[in-house]
Amino acid sequence: MMKSTFLHFLNLCAAALAITSDAKTTKQKTLFSVDIMAEQDKVRGHSDAVYGPVPKEDQLLNVEFLEIAPTPIIADRIFFVYLRGYIPESKKKELGLLDEGLVNATLTVSSSVVYPDGKSEDSGPLTVPFKTMFLSDDAHLVIRDTRGAQVDYLPSSGRGDVLLDFQIPTLFLKSGVWTFNVDARLGDESNTCVFAMSLSQWLDGGLKG
Ligand SMILES: *[C@@H]1O[C@H](CO)[C@@H](O)[C@H](O)[C@H]1NC(C)=O
């Protein structure tokens, strides 16, 4: 999975570069292409996250918005993630999803980094249950239902909120363009994708060399 995500990322970079070089000759066309690309891939809301590697239309969750503050994320400072969405009734019916349908859902997180010298590194994937959880004193994942009540799992009916407060320590972090991938799965036989997104941005680390 890691490899394909990374390839997807590289493809995006290649596409972006192609568009940039094209810009010198046909500016008008370029602006149009960028708009289309942004519209297809970008997750609605204030963040730089994009859908993938699973195509948006194959993802179960209909995302209303994703907010990440601050954007871009600053290492060593707490940041917040607020994802709101719902599972359309048609998809729920199609899958025969019950009210407790997301009880076995998982979250897989992985990352990769490209350093200024062009070298790169991958880490993960790490899979955890997709549920409200205490990660540390400075990191919590909380899921809420339509009425705002804290629940253990993402509700299969109505709107759900996923909230995360987190901090990336700079001590062991090397500066570079970091890509974080989050892939939520239903945990059923066909490994249905609930949502899959990635975020690439520069992070300033404290580790030299
Ligand atoms: C969750 O997993 C358990 C154990 O494998 C299974 O018995 C149960 O049916 C699953 N529930 C759902 C909603 O998928």
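**A walk from an exposed proline to the core**

Pro-169 is exposed, because just 11 other C-beta atoms lie within 10 Å (exposed is 12 or fewer, buried is 20 or more, partly exposed is in between, with C-beta atoms placed from the backbone). Keep in mind that this is a predicted model: local features need pLDDT of at least 70, side-chain atom pairs count only at pLDDT 80 or more, and totals for chains, interfaces and linings use all residues. Numbering runs from 1 along each chain as its sequence is written.

Pro-169 sits in the loop between strand 9 (159-166) and strand 10 (strands are DSSP E runs of at least two residues, numbered from the N terminus). Ile-74 is 95 residues away from Pro-169 in sequence, yet their C-alpha atoms are 9.7 Å apart.

Follow the chain into strand 10 and you reach an open, antiparallel sheet of five strands, ordered 1-11-10-4-5 (strands pair if DSSP finds at least two bridges between them). Strand 1 (50-51) and strand 5 (120-129) are at the edges with a single partner strand each, so one side of each has no neighbour in the sheet. Strand 5 is joined to strand 4 (residues 106-114) by eight bridges, and Val-113 stands opposite Glu-121 there.

Now for the inside. The largest nonpolar core has 25 residues, and Leu-154 is among those with the most contacts inside it (such a core is a set of buried Ala, Val, Leu, Ile, Met, Phe, Trp, Tyr and Cys residues joined through C-beta atoms within 7 Å). Strand 11 gives the most to this core, with five residues.

Key:
Helices (H or I, at least four residues) and strands (E, at least two) are DSSP runs, numbered from the N terminus.
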